[in-house]
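Hi there,

Here's the structure I promised to pass on. Have a look at it first, then read my notes below.

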Amino acid sequence: MRPLAVAAVLAATAFAAAGCGGASDSAGTATAAGGATTAKLALVANSTPQVAYDEAIPAFQKTAAGKGVGFSESFGASGDQSRAVAAGQPADVVEFSLAPDLQRLVKAGLVAPGWDATATHGFVTESVVVFVVRQGNPKGIHTWQDLLKPGVKVLTPNPFSSGSAKWNLMAAYGAQVKAGRSPAQALAYLKELIGRHVSVQDKSGRDALADFTSGNGDVLLSYENEAITAQQKGQAVDYVVPDDTILIQNPIAVVKSSKHQAQAQAFVRYLLSPAGQRIFAKHGYRPVDPAIAKEFASRFPVPKGLFTIGDLGGWTQIDKRFFDPVSGSVAKIEAQAGVSASK
């Protein structure tokens with residue numbers, strides 16, 4: 001466990017009001033710094049990185065490339081945000097929780113097929129799935145098996161709206177496989193976890209965090225950066241990085257129809273620059289820039305059993321096999337638990 005002790009405990013309403021990423025479906029605007037707006041970029045992103053963008057956008061606007069650039073911002077559940085853009089919501093820059101949500105926009109002709117042909121493979125940040133627990137870890141949650149202890153209530157979002165939830169469930173599944181269990185046994189673990197221990201499935205990762213900090217549940221499956229953000233906002237939580245966990249990779253891209261291609265590309269370059277990567281690291285994200293990752297190595301040790309979605313077959317295979325609303329194995333488990341796969 002990595003106990004970053006906090007001095008004060010805030011109520012969940014105060015947590016939201018303090019600007020800890022805002023509400024899951026929040027939208028805002030940032031005017032250009034120090035003068036007239038020459039271009040306005042629409043940023044559409046998943047629910048968790050708003051706290052980082054609250055710092056990154058003003059920092060970008062102070063650069064030569066960002067002078068005169070204003071922003072509109074929309075944050076929400078990754079799958080919902082992706083579907084909204086595909087359906088016509090204006091966007092210049094998109095960041096989602098996982099690659100399939102970006103690939104949806106490729107299929108819709110909104111993002112170039114080569115979005116991942118970059119030095120970082122199209123990713124802007126990384127993280128890992130962790131156990132967020134009450135301060136002092138009173139339930140003694142250290143391993144994936146501990147989540148199945150009698151009486152332990154687990155929170156994780158709905159995988160049919162939230163990218164975070166898909167990462168969480170694949171971390172749980174992959175950890176079983178890493179432990180030498182068969183795919184059938186790994187699915188049986190998910191069935192027990194979801195059916196007997198998951199008490200709430202909120203719409204997004206940020207909603208799930210707000211639910212947990214309001215006092216619901218014993219452990220929250222979440223991004224490492226969400227746990228760090230909660231602590232930075234004064235929440236009485238600790239977090240455990242399990243030995244076997246998954247590497248989360250968050251994609252970013254410029255939309256082809258953007259009328260401000262130069263400014264949008266410049267903004268993405270800033271986010272991938274050392275300055276931008278340090279801002280993300282400050283807010284708990286693992287940098288994708290190797291040099292900055294080395295700079296923050298002591299803060300983000302590599303779990304000894306870290307694995308990737310590629311180790312499990314890749315998102316193209318995983319999405320259909322596990323999350324197809326009709327035939328997916330997780331969809332069937334969710335249906336048995338009374339959770340709809342409708343989007």
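**A strand with many partners**

Let's start with one pairing: Glu126 in β5 has Arg286 in β11 as its bridge partner. Keep in mind that this is a predicted model. β11 covers residues 286–287, and two bridges join this strand to β5, with the two running antiparallel.

Which other strands does β5 pair with? β10 is one of them: five bridges link the two, again antiparallel, and Ser127 has Ile248 as its bridge partner there. β5 also pairs with β8 in the antiparallel sense, over five bridges; look for Val133 standing opposite Val219. Then there's β9 (residues 237–240), antiparallel to β5 over four bridges, where Phe131 is partnered with Val240.

Is β5 mostly covered or mostly open? It's mostly covered, with twelve of its twelve residues buried.

**The nonpolar cores**

The largest nonpolar core has 51 residues, and Val94, Trp144, Leu147, Met170 and Ile246 touch the most other members. Several elements supply at least two residues each, including β5 (123–134), β8 (219–223), β10 (247–254) and α5 (163–178). Which element gives the most to this core? That's α5, with seven residues.

Val94 is a good one to click on: leaving aside its neighbours within four places in sequence, Val94 is in contact with Val44, Val85, Leu102, Leu105, Pro251, Ile252, Ala253 and Val255. Apart from the largest core lies another one, of 24 residues, among them Leu43, Val69, Phe75 and Leu271. As background, nonpolar side chains in soluble globular proteins tend to be buried together.

Cheers!

Notes. Residues are numbered from 1 along each chain as its sequence is written. This is a predicted model: local features need pLDDT of at least 70, side-chain atom pairs count only at pLDDT 80 or more; totals for chains, interfaces and linings use all residues. Side-chain values use heavy atoms; hydrogens and water are left out. A nonpolar core is a set of buried Ala, Val, Leu, Ile, Met, Phe, Trp, Tyr and Cys residues joined through side-chain atoms within 4.5 Å. Buried means under 20% relative accessible area, exposed over 50%, partly exposed in between (1.4 Å probe, protein chains only). Contact means heavy atoms within 4.5 Å. Two strands pair if DSSP finds at least two bridges between them.
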